[in-house]
Every structure is written in C-alpha cells, then in structure tokens.
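Reader: I'd like a close look at one part of this chain rather than a quick tour. Could you pick a strand and walk me through what surrounds it?

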Amino acid sequence: MPAVLSEHFPADADFICLQEVFDGRATTCLRQQLGSIFPHILSEVGALGLWGRRLKLLNSGLFLASRYPLLAVRYHGFPNGAREDALAAKGLLVVQVLLGSVQGQRVVGYIGCTHLQAPAADAAIRDEQLTLGLHWLQLFREEQEQRGDVVAFDIFCGDLNFDNCSRGDELNQQHQLFKVYQDPLPPGAWAGRTVGHRHPAQLPEDLR
C-alpha cells in the first residue's frame with residue numbers, strides 16, 4: 001500500500017463516507033492517514049460467514065469518518081443480494097452525530113451510507129434495497145431523536161449504482177426515497193448519487 005492516500009480530501013470536510021473498502025490493508029491505511037483529523041471512524045462493518053443460508057466472504061466495504069462524536073450507530077444488512085453481490089455484506093450504515101448545543105438543546109445530524117446491488121439489470125433488487133434503506137433511516141431517526149433536538153442535516157449517500165438520467169434507471173429514479181431526500185446533482189451528473197434532506201443544496205460542494 002502507498003504511504004499516503006492517492007486522493008486528497010477537502011481540508012474543511014467534516015465527514016467522509018466511502019464504499020468498497022474491502023481490503024484490510026487499505027482500511028488500516030485509511031485509519032492511519034485520517035485518524036488525526038477524523039477521530040471517529042467506522043470500518044469493516046458487516047459480519048462475515050453465514051447469514052441464514054447465505055455465505056458472506058466480504059464485509060460491507062462501508063467506511064465512515066467523522067470529526068464529530070457519534071451518538072448512535074446502526075447497521076442493517078440487505079437480505080436480497082444476488083449472485084456475486086451476495087458474497088459481500090452490503091447494507092446500510094446509519095449514524096447520529098453530535099455537532100454541539102444551542103440554548104441547552106442538542107444539535108445533531110444524521111448520515112446514512114450504503115452500497116446497492118451493482119448489475120444494471122438488477123433494478124428491481126435495488127428498488128427493494130431503497131425501500132428497506134428508507135424504512136431503516138426513518139426508524140433510526142425516530143428511535144434516536146430526542147425532544148428539543150435541533151436537526152442540522154439528514155443525508156443519505158453512497159454507491160447507488162444508478163444515475164438520475166439514464167433510461168434504464170427509471171424504476172430506481174422514481175423511488176419514494178427521492179420524495180423524502182433531494183438530489184443535489186443536476187440531471188446528467190454521475191457521482192454515485194448523494195441526496196440531502198431538509199437543507200437543499202444546489203451543488204455537491206454545498207454538502208461539504
């Protein structure tokens with residue numbers, strides 16, 4: 001592994017969410033390089049071995065780094081992965097972060113990070129995973145939010161394996177999730193899809 005990261009993250013970034021961090025050496029490298037700036041890191045999420053009758057040879061590959069303390073963390077594995085994708089423990093990692101306080105009330109944020117079924121022909125599987133993800137996100141917030149909390153943001157991000165303009169992606173583009181979360185990217189943009197709720201952003205840079 002290289003001694004330094006090949007990508008340079010914005011100096012003022014508060015959170016980093018990655019997917020496909022399957023390799024243990026890569027995880028160690030990321031932790032070493034980011035740990036001094038992002039003291040709160042989650043990695044190697046999702047257990048290996050048998051899930052019911054499904055064998056998982058890889059973890060979820062999800063990696064989340066935060067400057068701010070994590071108040072609560074939850075991971076849910078998708079039960080419907082197919083073919084080679086089923087060998088990884090893909091799912092949803094969701095966290096509640098503590099940003100500070102205002103007049104004695106907590107200021108919190110919510111981040112969901114996921115990696116959906118990959119093959120282009122598997123839109124129906126991705127649609128089911130989006131439905132599960134939306135349910136888990138809403139349930140987590142209901143469980144963790146306290147009376148008087150100031151919610152600064154609620155963000156859902158990840159490698160969704162579809163874009164917001166291709167004809168073959170209509171089923172996923174029209175999912176109910178996008179009535180709850182707003183896509184900050186203009187039609188035709190491809191960036192793995194990051195969508196924000198409550199505070200609309202016109203450009204990806206606005207979500208930093």
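Author: Let's take strand β5 and work outward from there. Bear in mind that this is a predicted model, so everything below is computed from predicted coordinates.

A bit of orientation helps. The chain has 4 helices and 10 strands, and along the sequence they follow the pattern β-α-β-β-β-β-β-β-β-α-β-α-α-β. Of its 208 residues, 46% count as buried.

Now for β5 itself, which spans residues 63-66. What covers its two faces, or rather, are the residues there buried or exposed? Both sides are covered: Phe-63 and Ala-65 point to one side, Leu-64 and Ser-66 to the other, and all of these are buried. That split fits a general habit: in a regular strand the side chains alternate between the two faces of the sheet.

Who are the neighbours? β5 sits in an open sheet of 3 strands, in the order β1-β5-β2, with antiparallel pairing. The edges belong to β1 and β2, each of which pairs on one side only. Ignoring direction, neighbouring strands of this sheet are turned by 5 degrees against each other on average.

Take the β1 side. Strand β1 covers residues 15-18 and runs antiparallel to β5, joined to it by 4 bridges. You can follow the register through the opposite residues: Leu-18 faces Phe-63 of β5, and Ile-16 stands opposite Ala-65. Both of those β5 residues belong to one and the same side of the strand, the side shared by Phe-63 and Ala-65.

On the β2 side, residues 40-42 make up the strand, and it pairs with β5 over 3 bridges, again in the antiparallel sense. Here His-40 has Ser-66 of β5 as its bridge partner. Ser-66, remember, is one of the buried residues of β5.

Just past the end of the strand the chain carries on with a bit of ring chemistry. The charged end of Arg-67 sits over the ring of Phe-38, 5.2 Å from its centre. Then comes Tyr-68, in the loop between β5 and β6 (70-77). Tyr-68 makes an aromatic pair with Phe-15, with 5.9 Å centre to centre and 35 degrees between the planes, which counts as tilted. Phe-15 lies in strand β1, so this pair links parts of the chain that are 53 residues apart. Neither ring is fully tucked away: Phe-15 is partly exposed at 22% relative accessibility, and Tyr-68 is partly exposed as well, at 27%. A third ring joins in, since Phe-15, Tyr-68 and Phe-153 form one aromatic cluster.

Phe-153 is a handy bridge to the packing elsewhere. It belongs to a core of 12 residues that also includes Val-45, Ile-111 and Ile-155. That core lies apart from the largest nonpolar core, which has 19 residues, with Phe-156 and Leu-177 making the most contacts inside it. Several elements feed the largest core with at least two residues each: β7 (91-102), β8 (105-115), α2 (123-144), β9 (150-159) and α4 (177-180). Of these, α2 gives the most, with 5 residues.

Phe-156 turns up among the aromatic pairs too, of which there are 6 in the count. It partners Tyr-181 in a tilted arrangement, 6.0 Å centre to centre with 50 degrees between the planes. Phe-156 lies in strand β9 and Tyr-181 in the loop between α4 and β10 (194-197), so the pair ties together parts that are 25 residues apart in sequence. Both Phe-156 and Tyr-181 are buried, in contrast to the partly exposed Phe-15 and Tyr-68.

What about the cysteines, and how many disulfides does a search of the whole structure find? The count is 0. Cys-157 is in no disulfide, and its nearest cysteine sulfur, that of Cys-17, is 3.8 Å away. The cut-off for a disulfide is 2.5 Å between the sulfur atoms, so a separation beyond that does not qualify. Cys-157 is buried, with a relative accessible area of 9%, and Cys-29 is buried too, at 10%.

To finish, a look at a loop: Glu-84 lies between β6 and β7 and counts as exposed, at 52% relative accessibility. Glu-84 and Gln-117 are 33 residues apart in sequence, with 9.6 Å between their C-alpha atoms.

Definitions and conventions. Residues are numbered from 1 along each chain as its sequence is written. This is a predicted model: local features need pLDDT of at least 70, side-chain atom pairs count only at pLDDT 80 or more; totals for chains, interfaces and linings use all residues. Side-chain values use heavy atoms; hydrogens and water are left out. Buried means under 20% relative accessible area, exposed over 50%, partly exposed in between (1.4 Å probe, protein chains only). Two strands pair if DSSP finds at least two bridges between them. A nonpolar core is a set of buried Ala, Val, Leu, Ile, Met, Phe, Trp, Tyr and Cys residues joined through side-chain atoms within 4.5 Å. Rings of Phe, Tyr and Trp (its six-membered ring) pair if their centres lie within 6.5 Å; planes under 30 degrees apart count as stacked, over 60 as edge-to-face and the rest as tilted. A charge sits over a ring if NZ of Lys or CZ of Arg is within 6 Å of the ring centre and within 35 degrees of the ring normal. Axes are lines fitted to C-alpha atoms, for helices over the stretch in contact, and angles run from 0 to 180 degrees between N-to-C directions.
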